[in-house]
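Subject: The structure we talked about

Hi,

Here is the structure I promised to pass on. Have a look at it first, then read my notes below.

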Amino acid sequence: MTAAPLTDREISLVRTSLAVVAPQAAEMTVYFYAILFARYPEVRGLFPDNMDVQRDRLLRGLLRIIDLVDDVDNLVQFCSRLGRDHRKFGALEDHYPAVGDCLVASLTRYAGTAWNAEVAAAWTRAYTIAAQVMIAAADDDTRLRPASWEAEIIRHEYRGHGIAEITVQPDQPYRYVAGQYVSMETPWYPRTWRHYSPAHLPRTDHTLTFHVRAVHRGQVSNALVHHATPGHRVRLGPPQGEMTLATAGDRDLLMVAGGTGLAPIRAMIEEAAVSGMRRQVDLFIGARTAQELYGLDDMLRLAQRHHWLSVRAAVSHENIPGEQGTLPQVLHRFGPWGWHEAFLCGPPDMVTTAVHTLLHQGTPRSQIHHDPLDTPILTAPLTSHRPGQEIDQL
């Protein structure tokens, strides 16, 4: 970070003034985007047509930056992620002053008597520091890889229950690590990105296969499952995520997958098989009904070839032979798992409850891994933190 960190006085000013505008945050973000697009119409093309989600992301990103202003290492890490990720939107260095100008104007309007020249100067410094880090990270990333990858859908297989396996062929080699996830933009909803995990190890032909479930009111997921066909083109952002086997140390592994959350879990198990790993792997797959146990047969066949892999299925809403109950309930019955490295992927409620189950049974939080449960770029855990402060990944 080239600029000097904020002083204690400046930190107090930005946090106090943010608390003043917080009750009016929704109105302020609407106003911010209104004046941004009016004053700088050239930036409108960077944003999706439907701004509802984007408004919320701006506020949460701002809140996290302000939370980190006295934690330089994490502030740099978070803003660097934002800068690299913003490349896929087409963000340029010239856009950052426009955003800063409209941010200060919005705060001026909604902070009322809490706003003065000293507060304005502190906010300008805070934003300038964050923007400098984002710009530098984007510049560095430009030398390493594309901002995004164009790709063509070459295979689309509907698997029932609102799930499709979609294989894409990028125009350029796409490198990632098993367990990571990928942001995808579709032609039906430009500038709207959703995250999906490749369900396999990297392939020599660089194709990627995603397991996509059409979620209720999910525009992108429903388009991919029900409308996409071979020949349609999508755009991929850079790989993200820290849920990889590199974090596992030498412990046995606990893998927990709900629905299409099996995709990254399956990729990591494939990596374990190829690498010749000899640790025990306990895989739990959960669903509401037996018919919704997506991918179970493939995992059972893999377990027949590898004695170190144990596969159990849990069904919560149907009485069938086998394990009954939700995944967290079944995990509790088979636990404790304090000596395992745990990897979880699936619906947020399932992951949250499973994490609490593992913690209650004595599994250290440092041995529990899952992707962010909300917007990844805003909620991904940071690797370093203040002494004595526990990073909450939930």
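Let's start with the open sheet: six strands line up in the order β10-β9-β8-β7-β11-β12, with parallel pairing. At its edges sit β10 (323–324) and β12 (368–370), each of which pairs on one side only. Keep in mind that this is a predicted model.

If sheets are new to you, their strands pair through backbone hydrogen bonds, either parallel or antiparallel. At one edge of this sheet, two parallel bridges link β9 (residues 309–315) with β10. For a pair you can find on screen, look at Val 315, whose bridge partner in β10 is Gln 324.

Two helices go with this sheet. Helix α10 (residues 327–334) packs on the sheet and touches β7 (252–258), β8, β9 and β10. The direction of α10 makes about 145 degrees with that of β8. Helix α9 (residues 296–305) lies across β8 (281–287) and β9, and runs at about 155 degrees to β9.

Now for some antiparallel pairing. Strand β6 (residues 233–236) runs antiparallel to β1 (residues 149–160), and four bridges join them. Glu 150 has Arg 235 of β6 as its bridge partner. Strand β6 also pairs with β3 (residues 182–185), again in the antiparallel sense, over two bridges. There, Met 184 has Leu 236 of β6 as its bridge partner.

Next, a residue to zoom in on: Arg 87, in the loop between α4 (72–86) and α5 (95–111). Is Arg 87 buried or exposed? Its relative accessible area is 14%, so Arg 87 counts as buried, because the cut-off for buried is under 20%. Which residues does Arg 87 contact, leaving aside neighbours within four places in sequence? They are Ala 138, Asp 141, Thr 142, Arg 145, Pro 146 and Ala 147. Ile 135 is 48 residues away from Arg 87 along the chain, yet their C-alpha atoms are separated by 9.7 Å.

Finally, the cysteines. How many disulfides does the model have? The count is zero. A disulfide is a covalent bond between the sulfur atoms of two cysteines. For Cys 79, the nearest cysteine sulfur is that of Cys 102, 19 Å away, while a disulfide needs the two sulfurs within 2.5 Å. Going the other way, the nearest cysteine sulfur to Cys 102 is that of Cys 79. Cys 79 is buried, at 0% relative accessible area, and Cys 102 also counts as buried, at 0% relative accessibility.

Cheers

Definitions and conventions
Residues are numbered from 1 along each chain as its sequence is written. This is a predicted model: local features need pLDDT of at least 70, side-chain atom pairs count only at pLDDT 80 or more; totals for chains, interfaces and linings use all residues. Side-chain values use heavy atoms; hydrogens and water are left out. Buried means under 20% relative accessible area, exposed over 50%, partly exposed in between (1.4 Å probe, protein chains only). Contact means heavy atoms within 4.5 Å. Two strands pair if DSSP finds at least two bridges between them. Axes are lines fitted to C-alpha atoms, for helices over the stretch in contact, and angles run from 0 to 180 degrees between N-to-C directions.
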